[in-house]
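Please write a short report on the structure shown here. Keep it plain enough for a first-year student.

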Amino acid sequence: MRFTSTLLVALRALRRNTMRSMLTALGMIIGVAAVITMVSIGNGAKAQVEAQVAAMGQNLITVMPGSFSSGGSRGGYGSSTSLTPEDADAILADVKNIDGLSPEVRARKQILANGLNWSTNINGVGPDYPYVRNWPVASGSMFTDQEVKSLAKVCVIGKTVVDQVFPNEDPIGQTLRIGNLPFRILGVLSPKGFSLFGSDEDDVVLIPYTSHMRRVSRQTNISMIRIQAAEPENIASVKIAVEDLLTQRRRGREPDFNVRTQEELANAASANAKTMTGLLAGIAGVSLIVGGIGIMNIMLVSVTERTREIGIRLAIGAHGRDVLTQFLIEAILLSSLGGLIGVAVGVGGSQLLSHYNGWPVLVPTMWIGISAAGSAFVGIISGFYPAYKAAQLDPIDALRYE
Amino acid sequence: MSSPVVQIKDIHKIYESGEVPVHAVRGVSLDIHRGEFIALMGASGSGKSTLMNMLGCLDRQTKGTYLLDGIDIDKLDRNELADLRNQKLGFVFQGFNLLARTTALENVELPMLYGRHRKASSEEIRERALHCLEIVGLANRADHMPNQLSGGQQQRVAIARGLVNSPQVLLADEPTGNLDSKTSVEVMGVFQKLNDQGITIVMVTHELDVARYCKRNLILRDGVVVRDAPVDGRSIAAEEMLRIKQAETAAKLTTAAQH
């Protein structure tokens, strides 16, 4: 039998039981729509995490102090106070393929300006900081090396600080007090948004780390060193060189620092998102299997119902293969139509979710193909047994069937 | 004389499915020539349906040989048998066996969708199916669904379907079994007309008056042919139809006179 007439026969058989066909297809629709929606949500989350990791800067390597032990009690990473500005200078001087480097010292202080006060993060950094963090100064300028060396009382502030302290005016050139010390505002950073860990990155005042250590926090160690490798392929070698140099500078003492690359951080973050996507897709996949069982069930009913029709076809010259194809195409049609509608519902549902819940949603084109092919495959698998059963019928028995 | 279209030599059919083997056909030999019109008769269990199934290549004999148009069907596999049924045989069943919710025309086209007509264009197939509906006088009902047709009309559609591949033999299994006497005459008229055009017909019936429209009657009992004779004083459907119509008119006149 020709393919087009087989297709017509299958379509007619499906139309004959419109309600039943629709309910059967609904199993596939729900399955495919669930897969598409779940993967879209998972992908959206993963993309957001990756964007946040990228926003931390490119080719980034961070050096953090190691753990500090006192009387048998061990602190976590960063508890040691061993990282110094000299370490940072040594790295900049000795390690090759470095594009930028900035020490970082942190504190939280009350600031006062314009008659308003605000508690914010005071970060002592180097002039390379905006470059290393991929976080340009939007207006005004960053402080210079000279200002760092001279412990200048200058600062660059983040968007949130501007909103809170200088709501209606240009902050550049104005003075801001940290404790009792006046700092001149040189520039405003571009908005950065929230960090990977959920804190507001724009709620910050950047001052020279030297000024921070001597005037604000009065500490001798630094919280971390951020290093930007020149090229992605330099990251590994820079990491090793930094580790070697710092170990050497500690002269045989236990290494009390920790060097991490951005990649490691990104991997950890996106591994979470990946696990979640897999889990969601797995659950949705189960509903696809359930849909397939529904199709097989209905095809078995259909074969029994149409035993006489099969008998007629076999008696007047249909080969077993013709009957097999007829029922198989019917099953594939049922599941593929369900799959296509499911893709539409899934894509639409994802958009609705992102629109009303504000979830980051990314519809993956590859998964649309996988779902469409998957639903056709489910049709073949679940349609084959009923179709085979139909093809094996004996024409005499089938004609006698009441 | 040309060689017979059906040559059966001492065929047997034994069903082994039950506890006791059933010997349904016990050595039937039969030659059917082109242009014959045969009625196979017999009581229930006489083996006539089994013989019919074997004639129709739906079932295989346990023993003996069956040559259809010179082809030994014992040597054919399942698919080759299907092709043989498609090309050399036409079937008419007691229960009509038309596909539901499929127009008369599409029902008639069905055999051409399988087998050697596979390559024919849909226009050729349509034309051929319409021609066969014309032969049985139903060209004006081509677009009707089976449930919109009377029993006699459905059976005529089934006959048209049996004719569409120009078969060597048209096999009919109790074609009038589900019809009233007048419709039976109508259907037998179609068979007689086809037979007059040279088509070979074999039918199973248990109605004596229906068998009288055929040219040759075979009586089976317990799986053997007990009588094989030409029909004397054969009924002609056209004349019978005329008589029925006159009787109906008369009945109406009588009814009218009572008023």
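This report goes from the interface between the chains to one helix, then to salt bridges and a few single residues.

## The interface

The model is a predicted one. Where chain A and chain B meet, 28 residues of chain B are in contact with 24 residues of chain A. About 2,400 Å² of area is buried between chain B and chain A, and carbon and sulfur atoms give 52% of that area.

Side chains of opposite charge can pair when their charged atoms come close. Across the interface of chain B and chain A, 1 salt bridge is found. Its partners are Arg12(A) and Glu106(B), with the closest N and O atoms 2.8 Å apart. There are also 10 residue pairs in polar contact across the interface of chain B and chain A, counting pairs in which both residues have pLDDT 80 or more.

Which helices of chain B supply at least two residues each to the side that touches chain A? They are helix H2 (78-88), helix H3 (104-113) and helix H4 (122-135) of chain B. H2(B) gives the largest share of that side, with 6 residues. By residue type, the side of chain B that touches chain A divides into 13 nonpolar, 7 polar and 8 charged residues.

## Helix H3 of chain B

H3(B) is largely enclosed by the rest of the structure, because 9 of its 10 residues are buried. Among the buried residues of H3(B) are Ala104(B), Leu105(B), Asn107(B) and Val108(B). The list also includes Glu109(B), Leu110(B), Pro111(B), Met112(B) and Leu113(B).

What do the buried residues of H3(B) pack against? Within chain B, they pack against H2, H4 and helix H5 (151-163). From chain A, helix H10 (307-315) takes part as well. Just after H3(B) comes Gly115(B), which has a positive phi of about 70°.

## Salt bridges

Over all chains, the structure holds 21 salt bridges. The table gives some of them, including the one across the interface.

| Residue | Partner | Closest N to O |
|---|---|---|
| Arg12(A) | Glu106(B) | 2.8 Å |
| Asp163(A) | Lys159(A) | 3.3 Å |
| Arg306(A) | Glu330(A) | 3.1 Å |
| Lys75(B) | Asp72(B) | 3.2 Å |

Asp163(A) and Lys159(A) belong to helix H6 (residues 159-165) of chain A. They are 4 residues apart in that helix, so about one helical turn separates them. Asp163(A) is partly exposed, because its relative accessibility is 41%. Lys159(A) is also partly exposed, at 35% relative accessibility.

The pair Arg306(A) and Glu330(A) is placed in another way. Arg306(A) lies in the loop between helix H9 (262-305) and H10 of chain A, and Glu330(A) lies in helix H11 (residues 320-357) of chain A, so this salt bridge ties together parts that are 24 residues apart in sequence. Are the two partners buried or exposed? Arg306(A) is buried at 8% relative accessibility, and Glu330(A) is buried with a relative accessible area of 3%. Through shared salt-bridge partners, Arg306(A), Glu309(A), Arg313(A) and Glu330(A) join into one network.

In the Lys75(B) and Asp72(B) pair, Lys75(B) is exposed, with a relative accessible area of 68%.

## Single residues

Ser102(A) is located in strand S4 (residues 98-113) of chain A. Ser102(A) is buried, because its relative accessible area is 0%. Its side chain reaches the backbone nitrogen of Gly126(A) at 3.0 Å. Leaving out residues up to four places away in sequence, Ser102(A) touches Val125(A), Gly126(A), Tyr129(A), Met224(A), Ile225(A) and Arg226(A).

Pro386(A) is placed in helix H12 (residues 365-391) of chain A. Pro386(A) has 0% relative accessibility, so it counts as buried. With residues up to four places away in sequence left out, Pro386(A) touches Met296(A), Met299(A), Leu300(A) and Val303(A). Pro386(A) and Thr304(A) are 82 residues apart in sequence, and their C-alpha atoms are 9.2 Å apart in space.

## Cysteines

A disulfide is a covalent bond between the sulfur atoms of two cysteines. How many disulfides does a search of the whole structure find? Over all chains, the search finds 0 disulfides. Cys155(A) is buried at 0% relative accessibility, and Cys132(B) is buried with a relative accessible area of 1%.

Technical notes. Residues numbered from 1 in each chain as written. Chains lettered and ligands numbered in written order. Heavy atoms only, no water. Disulfide = S-S within 2.5 Å. Buried < 20%, exposed > 50% of the residue type's maximum accessible area, 1.4 Å probe, protein only. Contact = heavy atoms within 4.5 Å. Buried area = accessible area lost by both parts, 1.4 Å probe. Salt bridge = Lys/Arg side-chain N within 4 Å of Asp/Glu carboxyl O. Polar contact = N/O pair within 3.5 Å; in protein donor to acceptor, adjacent residues only side chain to side chain. Nonpolar A, V, L, I, M, F, W, Y, C, P; charged D, E, K, R; others polar.
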